[in-house]
Each structure stands twice: as structure tokens, then as C-alpha cells.
Amino acid sequence: MTNSGELDVLALYREAGAFHEGHFLLASGRHSPKFLQSTTLTQYPQYTAQLAAGLAARLRERGIQANLTVGPAMGGVVPAYEVARALGVRSIFAEKDGQGGMKIREAFSLEAGEPFIAIEDVLTTGGSVMKAVQAAEAAGGKCAAIACIIDRRSPEVDAQELNGYPLVALTRVHFDTYAPDEVPEWLAAIPLQEI
């Protein structure tokens, strides 16, 4: 906790060994000197439960209610489950459909218009969580909001929404990223790690 009583998200990532500094090639193809590895953090229930409780509290503060959470596989599955536990609702996940999108498994069902909250660990572009939203809406649900532990998007982007959906983030951080042909010399001098 910080002095104001708010959860220090990056401190939890550091404690879990999930905050990395160096030279990273991100899934987007961009380069970054910092990387957050949520799967390292979510292997520890004590950290995940704290983050999920904080995110559930933020959702309640915004008056956002839903019958379930939906997480994009794989990174959003554990956070979605833990937020669902904190909210007292059920949780499902969306998985890759083999055609560039996502789908909801037949074992999961959504009622027509059933409200859900899409949960992501770290929001960088929003691509994965939006595919999960589309899959859940195609299965009959209605997205009430998108929530994430960390919003990494540019500071110029509206922090309150993503593609027209309300967005709730536990924290917002910005790490500079660079196109392959724009990597500064100081970063290029550090050995590249693909993640």
C-alpha cells in the first residue's frame, strides 16, 4: 500500500519478480526498456488476490455491475477469475479461434444481453481484450466495461474508455516503446530479449 492507502501495483510486480528492465522485443514488434510479466506475478495467489480486490473495488466505485467476467486466454484468465471471485460472480474465458479472432467455448453460456466485464492483465493496445469482448458479445453477452490491472497505453489516450466501452484500470503507467528502426543507441547497446 502507498501512503494514500492505494495499492502500489508496480511494487507488487517487483516483489513477485515480474517487473523487468533491459531491452525487450514486445509482441507488437516494438522495443521497450521495461516489461511487466503478469504470468510471473499471477503464480502467487497473495499478489493476484490483492490486485483483483483492488480492481473489484474500482469497478464498484464506478457503479459497474455484471453477471460474469471474461478474460482473454491466456493472460486474462487468472485475473478475470480472481476479479470474479472478489465480485461474487462467475468467470469464463475466450480463446483463440485459429482464424485471428477469439471464441467462447461451448461449455460456457451467456444469456441474451447478459452483462459481463472483460478483464485483461496489462492493456497495451487492447487488441486481445477487444477480441474477447467480440467473442462474448457474439455468444449473446453485453459488455458493461473493460477492466485491467495496468493500462500501458499512451498518456494521450483517454483513460476512461476503450473503443467506446468504459475502462477501469487499477493503475496507469507509460513505458516508452520504439519501432525497430527508431531504437535509441543506449537501448540498442543492451542485448535484446524476445518475450
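# A walk through the model

Start by selecting residues 49-158, the stretch that an unreviewed UniProt entry annotates as "domain: Phosphoribosyltransferase". Bear in mind as you go that this is a predicted model. Put a distance between the C-alpha atoms at the two ends of 49-158 and you should get 27 Å. Colour that span by secondary structure: 33% of it is helix and 31% is strand.

**Stop 1: the largest pocket**

Next, bring up a surface and look for the largest pocket, with a volume of about 880 Å³. Its lining has 30 residues, and the ones closest to the pocket centre are Ala27, Asp121, Val122, Thr124 and Ser128. Show those five as sticks and you have a handy marker for the middle of the pocket.

Which elements each supply at least two residues of this lining? Select β2 (31-36), α2 (38-42), β6 (115-123) and α5 (127-138). Now colour the lining by residue class: 12 residues are nonpolar, 13 are polar and five are charged.

**Stop 2: the annotated binding site**

Stay where you are and select Thr124 and Arg152, which carry the annotation "binding site" in the unreviewed UniProt entry. They are spread over 29 residues of sequence, yet they cluster in space, with a largest C-alpha distance of 5.0 Å. Both Thr124 and Arg152 belong to the lining of the largest pocket.

Take Thr124 by itself for a moment. You'll find Thr124 in the loop between β6 and α5. Its relative accessible area is 37%, so Thr124 counts as partly exposed. Setting aside residues up to four places away in sequence, Thr124 touches Arg152 and Arg153.

Now click over to Arg152, in the loop between β7 (142-151) and β8 (161-162). Is Arg152 buried or exposed? Arg152 is buried, because its relative accessible area is 7% and the cut-off for buried is under 20%.

To see what surrounds Arg152, select its contacts, leaving out neighbours within four places in sequence. On the list are Leu26, Ser32 and Lys34, then Val122, Leu123 and Thr124, and finally Val173, His174, Phe175 and Thr177. Keep Phe175 on screen for the next stop.

**Stop 3: aromatic pairs**

How many aromatic pairs does the structure hold? There are four, and two of them are on this tour. Add Phe19 to the Phe175 you already have: the ring centres are 5.8 Å apart and the planes sit at 80°, so this pair is edge-to-face. Phe19 is in strand β1 (residues 19-25), while Phe175 is in the loop between β9 (165-172) and α6 (185-188), so the pair links distant parts of the chain, 156 residues apart. Both rings belong to buried residues: Phe19 has 12% relative accessibility, and Phe175 has 8%.

For the other pair, select Tyr44 and Tyr47. These rings are edge-to-face too, at 5.6 Å centre to centre with 80° between the planes. Tyr44 counts as partly exposed at 32% relative accessibility, whereas Tyr47, at 12%, counts as buried.

**Stop 4: helix α4 and its surroundings**

Go to helix α4, residues 77-87. Pick out its buried residues: Pro79, Ala80, Glu82, Val83 and Ala84. Note that Glu82 is on that buried list. Now show what covers them, including α2, α3 (45-61), β3 (68-72), β4 (90-96), β6 and β7. Before you leave, check the residue that follows α4: Gly88, with a positive phi near 75°.

**Stop 5: the cavity**

Hide the surface and look inside. Across the whole structure, one cavity of 30 Å³ or more turns up. The largest cavity encloses about 50 Å³ of space. To find it, select Thr48, Leu51, Ala52, Leu55, Pro79, Val83 and Ile149, which line it. Helices α3 and α4 are the elements that give two or more residues to this lining, and α3 has the largest share, with four. Pro79 and Val83, from the buried set of α4, are part of the cavity lining as well.

What is the class make-up of this lining? Six of its residues are nonpolar, one is polar and none is charged. For a last look, switch back to the largest pocket, whose lining includes five charged residues.

Notes: Residues numbered from 1 in each chain as written. Predicted model: local features only at pLDDT ≥ 70, side-chain atom pairs only at ≥ 80, totals over all residues. Heavy atoms only, no water. 1 Å grid on protein atoms, 1.4 Å probe; cavity = no way out; pocket = protein on both sides within 12 Å on 5 of 7 lines; lining within 4 Å. Points joined across faces, edges and corners; volume = space filled by probe spheres on them. Nonpolar A, V, L, I, M, F, W, Y, C, P; charged D, E, K, R; others polar. UniProt positions renumbered as here; feature names shortened; annotations may be inferred. Buried < 20%, exposed > 50% of the residue type's maximum accessible area, 1.4 Å probe, protein only. Contact = heavy atoms within 4.5 Å. Phe/Tyr/Trp six-rings, centres within 6.5 Å; stacked < 30°, edge-to-face > 60°.
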